[in-house]
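Thanks for coming, everyone. I'd like to walk through one model today. Please have a look at it first.

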Amino acid sequence: MFAYLLDGLRYVCREGSWSLRPHEAKILDAAIGWLPPEQSERARRQLSRRFFIERQAEGRIPCFRYYRLHAEDVLDAPFRTGTHFINVTLEAPKRKLTTKCVLHEGIVFGLELPKPARFFAGNALEVVSVSCDTTGFSYTEVLDRAEHGSGAND
């Protein structure tokens, strides 16, 4: 109950919502469709559960906070351990962008977008390609370095 109240406050302050924006849904659908069928089914079950989307960095980093997940919804190996990024390349008017679906310890954790949410509003987006990122490159790390520096000596 307390979690719902806090999320209600975040919603009022425009820091999140309980529903996906159209571009977020398109990215998730492409990323989950890339997974093997059984894993894809589990990921869809996760997203059918009640969750709150906390949006940070002007909507560049939507994180999914689930109220309750069942053990049978968690993805199996190799996605159960560590963090995995599924790259979804989108074609927007006159440019291509690579977005990331973040899987953390078997859970669809969130998205990472290279542009603020307002860029995606009203733009026609087409999925060009989907692949798994093995480099571990994260937009979140880039944003964090830009805001806080790269080390203790900064």
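Is Lys94 buried or exposed? Keep in mind that this is a predicted model. Lys94 is exposed, because its relative accessibility is 89% and the cut-off for exposed is over 50%. Where does Lys94 sit? In the loop between E4 and strand E5, residues 95-104. Its backbone deserves a look too. Phi of Lys94 is near 65°, so a positive value, and this residue is not glycine. In general, most residues other than glycine have a negative phi.

Next, Ala57. Here too phi is positive, about 55°, in a residue that is not a glycine. Ala57 belongs to the loop between strand E2, 51-56, and E3. That loop is part of a hairpin: E2 and E3 have 4 residues between them, and Ala57 takes its positive phi there. How exposed is Ala57? Partly, because its relative accessibility is 29%, and partly exposed runs from 20% to 50%.

Now the strands of that hairpin. E2 and E3 run antiparallel, joined by 6 bridges. Arg55 stands opposite Pro62 in E3. And E3 itself? Of its 6 residues, 5 are buried, so E3 is largely enclosed by the rest of the structure.

After E3, one more backbone point. The peptide bond between Ala77 and Pro78 is cis, with omega about 5°. Pro78 lies in the loop between strand E3, 61-66, and strand E4, 83-92. For context, most peptide bonds are trans.

On to the core. The largest nonpolar core holds 26 residues. Which of them have the most contacts inside it? Leu47, Phe64, Cys101, Leu103 and Val108. Helix H2 (22-34), helix H3 (37-48), E2, E3, E4, E5 and strand E6 (107-112) each supply at least two residues of this core. H2 gives the largest share, 5 residues.

Take Val108 as a way in. Leaving out residues up to four places away in sequence, Val108 touches Leu28, Ala43, Gln46, Leu47, Phe64, Tyr66, Cys101, Val102 and Leu103. As a general rule, nonpolar side chains in soluble globular proteins tend to be buried together.

Last, the cysteines. Cys101 is buried, because its relative accessible area is 1%, under the 20% cut-off. Cys63 counts as buried as well, at 13% relative accessibility. How many disulfides does the model have? The count comes to 0, with sulfur pairs within 2.5 Å as the criterion.

That's my tour. Over to you.

Methods: Residues numbered from 1 in each chain as written. Predicted model: local features only at pLDDT ≥ 70, side-chain atom pairs only at ≥ 80, totals over all residues. Heavy atoms only, no water. Buried < 20%, exposed > 50% of the residue type's maximum accessible area, 1.4 Å probe, protein only. Pairing = 2+ DSSP bridges. Core = buried A, V, L, I, M, F, W, Y, C linked by side-chain atoms within 4.5 Å. Contact = heavy atoms within 4.5 Å.
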